[in-house]
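Got your viewer ready? Load the model, set the display to cartoon, and let's take a walk through it.

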Amino acid sequence: MLGTTIFIALIIISIIGVSIWIMKGNRRWNDAETVDCPVCGNQFKLIGGSFKCTQCRKKIVKTSEGQIKAV
């Protein structure tokens, strides 16, 4: 009986943990800035200040001055 209770509690805690993880990911996605790739013109979301273009595979970064550059 105690084992079943602990198992159910672990499942509930896991569900809560996964829900929080998904909400954090959604927040990062919603806060991301949509930019155009300076190399190929492809439009995508810039998550966390840098991202690899899905079309030309160049790394795109946002500098401290706010400019978008391909590295």
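Start with the charges: colour the 10 positive and 4 negative ones in two shades, and you are looking at two groups whose mean positions lie 10 Å apart. Here Lys and Arg count as positive and Asp and Glu as negative, while His and the chain ends are not counted. Each charge is placed at NZ of Lys, CZ of Arg, CG of Asp or CD of Glu.

A quick word before the next stop. This is a predicted model, where local features need pLDDT of at least 70 and side-chain atom pairs count only at pLDDT 80 or more, while totals for chains, interfaces and linings use all residues. Residues are numbered from 1 along each chain as its sequence is written, and side-chain values use heavy atoms, with hydrogens and water left out.

Next, select K62 and E33 and show their side chains. What do the side chains of K62 and E33 form where they meet? They make a salt bridge, at 2.8 Å from N to O. (A salt bridge is a side-chain nitrogen of Lys or Arg within 4 Å of a carboxyl oxygen of Asp or Glu.) This pair ties together distant parts of the chain: K62 sits in strand 4 (residues 59-62) and E33 in strand 1 (residues 33-36), 29 residues apart. By this rule, the count is one salt bridge.

Turn on the surface. K62 has 37% relative accessibility, so it counts as partly exposed; E33, at 34%, counts as partly exposed too. The cut-offs are under 20% relative accessible area for buried, over 50% for exposed, and partly exposed in between, using a 1.4 Å probe and protein chains only.

Now pick N42, in the loop between strand 1 and strand 2 (43-46). Is N42 buried or exposed? It counts as buried, because its relative accessibility is 17%. Leaving out residues up to four places away in sequence, N42 touches V35, D36, C37, C53, T54 and Q55. Touching, or contact, means heavy atoms within 4.5 Å.

Finally, zoom out. You should find one helix and five strands, in the order α-β-β-β-β-β along the sequence. Helices (H or I, at least four residues) and strands (E, at least two) are DSSP runs, numbered from the N terminus. Rotate the C-alpha trace, and its principal axes span about 60 × 25 × 15 Å. Colour by burial to finish: buried residues make up 15% of the 71 residues.
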